[in-house]
Amino acid sequence: METPEEKQTRREQSGAGDVPSQYAHIKGWGIDADPNNNPTYPMKQRVDIEHAGYSWERPTQQPVNMEVHHSIERPNISAVFGTSTPPRGLSGMMRRWAFKYSEDQYNHWLGLLMADRVDMIEGVVDDLAHAHLPNLIEEKGLRADWHYDRERLIGKVAAGACAVGLAWWLWQRRSSKEEAYRAEEGYLPHSDDEPGAEYFRDYDRESFYGTIRPL
Amino acid sequence: MLAMNYRGPLRVRIDHKPEPEILHPEDAIVRVTRSCICGSDLHLYNGSVPDTRIGSTFGHEFTGVVEEVGPKVQKLKPGDHVLVPFNIACGRCQFCRQGLYGNCHEANPSATAVGGAFGYSHTAGGYEGGQAEYVRVPYADVGPTKIPEDMDPDDAVLLTDVVPTGYQAAEMAGIQEGDTVMIFGAGPVGIMAARCSWLFGAGRVIIIDELDYRLEFAADYAQCEAYNFRELEDPVLFAKQTTDWIGADVCIDAVGAEASGNALQTLAGRKMLLQGGSATALHWAINSVKKGGVISIVGVYGPTACLVPIGSVMNKGLTIRANQVAVKRVLPRLIEHVQNGILDPKALITHRLPLEDIAEGYRIFSQKLDNCIKPVLMPPSVRMH
């Protein structure tokens, strides 16, 4: 294996150039430098502005006639930008908040994602305000399922209907049980005319008669 | 004009919107002749890209006829039929001068980690996209390229993203003659990466996906080996077994955030959005590549963190190369390849829909219905001719 001295000699013989004076005190500086071993090759062509910072002649600035959020990791608004959908309402406030944080922060990205969800609700409100009732079947493109995946679509609809039916049945059953529980606790309608009496139609009123508190 | 209108996750519709105007002296207004739905549009469609605002128009793959140009535009004139790279690039910042047109610093105020792109949320600059009748195209002298007269417009529209991305995926992989290249994802980009891997001298090209129809297409189009990971049981173990227990020389992640195959990744990345996507393909790539191998990432992930075995990257001495493709840089070479018949992009197009059927198009593509590989949207003006 080459020693640092041998490498230095090889570097000098190959005409790789002298070590810049600011690094002359560092033994072996740049001895293994090989531009062709740049892992970003071939995407990136090294040019003479690598370390010049934000110094290029900027394009003309697009007029800023609307609210434009810019990352706090840059000093300005880029020379051009999109004008689609300026921030609005509560979601806009959330976006303003999110842009107070750098791109390194979850507050930034999750704040924006949450704002997107609020924006979706604002979108529905906006549609309704413009007398437009969103057509979910159209917007979700479900016609495509009807054309190309009908069996699955029917299965999904059937499963959805079953789930809704089951939920309704469980809710009804729970309501009846609650009323029965109330009866166990001491309440039982005195007659079939009282509110809620229909839940106790099959209930053996006689067996609890002695525990009933008068209303 | 007619334009796609995003209404929330899995909800889009066609609406009337005002036509775009020249807002900057280097702008052009383009009347769209073709636009595509891209796999990365599905990240927006699913609501997983932060700052995707209601009312936005998506679409970053499109061709069109120049209708109007700003006072500083010199290379284009009304009537030119152009393909528009999805990157918006100024051509003079430090990054553009280095050829990194996907990382321009003067095209996106909202994020320093992301370049400017058409129709890709405010995280990519807040530009309206090409799934519309007209689009405002900034820096018109930099990106848009006149479509050669002998080129099919269907080929041209795929040169705005899919073909360059697949090509750069293979290029970044640093393929050496005889290398085994393993590609995760047989979507349009993965298929093109497989095809292009040969151009760089690969010795063996393997593509992995879960959809048989796509694998069959890939095997035929890219003349590669194709395997369904649902049948392999463990794709990483397969990678080792099929390479004499060494691992692939190169792995390419051509899936990104919507990957299937790992319940934890799917839950955290796609359902709960707790990470920047489901990183299953990248995870497999890291574990399938050989020690000292190269990972090339062109699959798109969100800006937050992802669960990947970074310890294995270090212990195996891997090189990871990744970027949005710099379309302008690779375009001249790819135009040559198409003109010489080496690449046939339009063969990827399986569906052609009217722009008005945008919601159906998204549904077909996202649910992989009707053996869809690549859908193209045709605006009314084109259909009339």
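Select E139(A) to begin: in this predicted model the residue is buried, with a relative accessible area of 2%, and it is found in helix α4 of chain A, which spans residues 136-139. Display whatever touches it, and, leaving aside neighbours within four places in sequence, you will find P134(A) together with R7(B), L10(B), R11(B), V12(B), R13(B) and A359(B).

Several of those contacts lead into a hairpin of chain B, so named for the two strands that form it, β1(B) and β2(B), with two residues between them. Strand β1 covers residues 2-8 and strand β2 covers residues 11-16, and the two run antiparallel, joined by six bridges. Picking L2(B) and H16(B) shows one bridge partnership between these strands, while L10(B), which is among the contacts of E139(A), sits in the turn and has a positive phi of about 65°.

Now colour chain A by confidence. The mean pLDDT of the chain is 82, and 73% of its residues reach 70 or more; confidence is lowest in helix α1 (residues 4-13), at a mean of 59, and highest in α2(A), at 97. Where pLDDT is low, the predicted coordinates should not be read in detail. Seen as a whole, chain A holds six helices and zero strands, and buried residues make up 29% of its 215 residues. Among its contacts with a separation of 6 or more, 30% are accounted for by residues 24 or more positions apart.

Stay with α2 of chain A, residues 89-98, and select S91(A), G92(A), R95(A) and A98(A), which are buried. Why do they fall on the same side of α2(A)? They cover an arc of only 120° around the axis, and this places them on the same side of the helix. An α-helix has 3.6 residues a turn, so residues three or four places apart point the same way. To see part of what covers the buried residues of α2(A), add α3 of chain A (106-129) to the display.

For a contrasting environment, move to N36(A), in the loop between α1 and α2 of chain A. N36(A) is exposed, with a relative accessible area of 67%. A distance drawn from its C-alpha to that of Y23(A) spans 22 Å, for a separation of 13 residues in sequence.

Turn next to chain B and bring up its open sheet of six strands, which has the order β12-β11-β10-β13-β14-β15 and parallel pairing. Which strands stand at the edges? They are β12 (225-228) and β15 (319-322), each with a single partner strand, so one side of each is left without a neighbour in the sheet. Neighbouring strands here are turned by 20° against each other on average, direction ignored. Within the sheet, isolate β10 (residues 180-184) and β11 (residues 204-209) of chain B, which run parallel and are joined by five bridges; M182(B) has I206(B) as its bridge partner in β11(B).

With the strands still shown, add helix α4 of chain B (residues 162-172), which packs on the sheet by touching β13 (248-253), β14 (289-297) and β15, and whose direction makes about 155° with that of β14(B). Then add helix α6 of chain B (residues 212-221), which lies across β11 and β12 and runs at about 170° to β12(B).

The last stop is the aromatic rings, of which the structure holds 13 pairs over all chains. Select F62(B) and F118(B): their ring centres are 5.2 Å apart and their planes stand at 85°, so the pair is edge-to-face. This pair links distant parts of the chain, with F62(B) in strand β4 (residues 62-69) and F118(B) in the loop between β7 (116-117) and β8 (134-137), 56 residues apart. F62(B) is buried at a relative accessible area of 0%, and F118(B) is buried at 1%.

A further edge-to-face pair is formed by F229(B) and W284(B), at 4.9 Å centre to centre and with 65° between the planes. Here F229(B) belongs to helix α7 (residues 229-232) and W284(B) to helix α10 (residues 280-288), 55 residues apart, and both residues are buried. Finish by selecting Y6(B), Y45(B), F58(B) and Y362(B), which form one aromatic cluster.

Methods
Residues are numbered from 1 along each chain as its sequence is written. Chains are lettered from A and ligands numbered from 1 in the order in which they are written. This is a predicted model: local features need pLDDT of at least 70, side-chain atom pairs count only at pLDDT 80 or more; totals for chains, interfaces and linings use all residues. Side-chain values use heavy atoms; hydrogens and water are left out. Two strands pair if DSSP finds at least two bridges between them. Helices (H or I, at least four residues) and strands (E, at least two) are DSSP runs, numbered from the N terminus. Axes are lines fitted to C-alpha atoms, for helices over the stretch in contact, and angles run from 0 to 180 degrees between N-to-C directions. Contact means heavy atoms within 4.5 Å. Buried means under 20% relative accessible area, exposed over 50%, partly exposed in between (1.4 Å probe, protein chains only). The arc is that of the directions from the helix axis to the C-beta atoms. pLDDT is the predictor's confidence in each residue, from 0 to 100. Rings of Phe, Tyr and Trp (its six-membered ring) pair if their centres lie within 6.5 Å; planes under 30 degrees apart count as stacked, over 60 as edge-to-face and the rest as tilted.
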